[in-house]
Amino acid sequence: PKLSVACIGLGVMGAGIASNIVRSGFPTRVHNRSPEKAAALSALGAVSALSAAEAAADADVVVLSLPATRDVEALLFGEAGIAGSLAPGVVVVDTSTIDAVAARGMAERLAASGRHMLDAPVSGGQKGAAEGTLSCMIGGADEALARARPVIEAFAKTIVHVGASGAGQVTKACNQICVAASMAAVAESVALCGAMDVDAYRVREALLGGAARSTVVEKHMQRLLDGDTAPGFRAVLMEKDIGIALDTLRGLRVASPVTAVLDQLMHGLVASGRGDQDWCSLGHLIQERSNR
Ligand code: NAD
């Protein structure tokens, strides 16, 4: 018999994730805080549950897609938290991007009562979620992943088991730090080109032939030069992810000069009214701040 699944959180990412799980034939119960988001999934054959506890009761695998650390903590361990009502042996697959230390702590709390939790943050955006082609970075125990894998395969094309609990969130943080740092460098570089009347498209070509070659130079720099600010990945989301990364680094007392600057830049980008633009508009912020 197929694993029974509960999907909690049906927003931009969760709706696509849940729809692919339902389409793969898993009996699925869904729940979202604002219930109208469950309607489209009911049409696909999911059962809409009135509460998270009702959705998760007896489920073999519980997939979460919630905004932030505090939402995941509240859902599991808050006043109406569902942790105590989860079936023994359940695997909670948390696809939300949250704090790595908190993720590890929650997994340990659940493990004490024989329940498993994988941190399973994703990249690939709304499109990847809708198409079932997300990349999923996993932290947690082998047995838990083995059990939940068929469900994760329904929504992710790439599944990398990075290590123990927390390792998935660490991977996501590393990814966002590296990508954002590259974009900040590209933004400054493009401003330099402008100040010297050098064709930044030509500079990009040259960079792609050398050690600076990267996805950011290839794709995001192109977007910036084309003035294409439609998301993509919204600036508010990168602001949130960098904020999480910085909190995690500071909590662990890891020196974080780069991420601290990125955090300021992302706050500045959102404060400049560009929160809903693609985050590569960081380049426009640097241009604006350049005293010319
Ligand atoms: P979203 O705000 O669109 O969706 C979150 C959903 O959770 C909302 O529908 C909300 O109503 C629901 N919710 C919140 N608390 C709840 C609760 N207690 N019970 C039931 N439902 C609850 O956010 P999103 O863009 O789908 O992102 C979800 C997670 O995935 C975030 O952690 C985000 O950082 C991460 N992520 C997003 C993207 C992206 O491109 N949007 C890409 C990768 C990762």
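Here is a walk through the structure, from its domains to the ligand shell and on to some backbone details. Please keep in mind that this is a predicted model.

Let's start with the overall layout. The domain assignment divides the protein into domain 1 (5–163) and domain 2 (170–289). Taken over C-alpha atoms, the centres of domain 1 and domain 2 are 30 Å apart. Where they meet, 10 residues of domain 1 are in contact with 12 residues of domain 2. On the domain 1 side of that contact, the residues divide by class into 6 nonpolar, 3 polar and 1 charged.

UniProt has annotations for both parts of the chain. An unreviewed entry there places "domain: 6-phosphogluconate dehydrogenase NADP-binding" at residues 5–163. This span is 38% helix and 24% strand, and its end C-alpha atoms lie 24 Å apart. For residues 166–281, the unreviewed entry gives "domain: 3-hydroxyisobutyrate dehydrogenase-like NAD-binding". Here the make-up is 73% helix and 0% strand, with 31 Å between the end C-alpha atoms.

Now to the ligand. There are 27 residues around the ligand, and G9, G11, V12, M13 and T97 come nearest. Two or more shell residues are given by each of α4 (69–77), β7 (122–123), α6 (125–131) and α11 (235–251). By class, the shell holds 11 nonpolar, 12 polar and 4 charged residues. Both domains take part, since domain 1 and domain 2 each supply at least three residues to the shell.

Two of those shell-forming helices, α4 and α11, are worth following further. In α4, the buried residues are T69, V72, L75 and L76. Because these residues cover an arc of only 140 degrees around the axis, they sit on the same side of α4. What do the buried residues of α4 pack against? Their partners are the strands β1 (5–8), β4 (61–64) and β5 (91–94), together with the helices α3 (52–56) and α5 (100–111).

Over in α11, a good residue to look at is I242. Is I242 buried or exposed? I242 counts as buried because it has 26 C-beta neighbours inside 10 Å, where 20 or more are needed. Leaving aside residues up to four places away in sequence, I242 touches Q176, A180, T259, L262, D263 and M266. You can also find L265 from here: the C-alpha atoms of I242 and L265 are separated by 10.0 Å, with the two residues 23 apart along the chain.

Finally, some backbone geometry. Most residues other than glycine have a negative phi, and most peptide bonds are trans. With that in mind, look at the loop between α10 (215–226) and α11, where G232 has its place. A cis peptide bond joins P231 and G232, with omega at about 10 degrees.

Two residues with a positive phi round off the tour. D197 is not a glycine, yet its phi is positive, at about 55 degrees. D197 is found in the loop between α8 (167–195) and α9 (200–208), and it counts as exposed because it has 6 C-beta neighbours inside 10 Å. R253, also not a glycine, has a positive phi of about 55 degrees. R253 lies in the loop between α11 and α12 (257–274). With 7 C-beta neighbours inside 10 Å, R253 therefore counts as exposed.

Technical notes: Residues numbered from 1 in each chain as written. Predicted model: local features only at pLDDT ≥ 70, side-chain atom pairs only at ≥ 80, totals over all residues. UniProt positions renumbered as here; feature names shortened; annotations may be inferred. Helix = DSSP H or I, 4+ residues; strand = E, 2+ residues; numbered from the N terminus. Near = placed C-beta within 6 Å. Nonpolar A, V, L, I, M, F, W, Y, C, P; charged D, E, K, R; others polar. Domains from an automatic or database assignment. Buried ≥ 20, exposed ≤ 12 C-beta atoms within 10 Å, placed from the backbone. Arc of directions from axis to C-beta. Contact = placed C-beta atoms within 7 Å.
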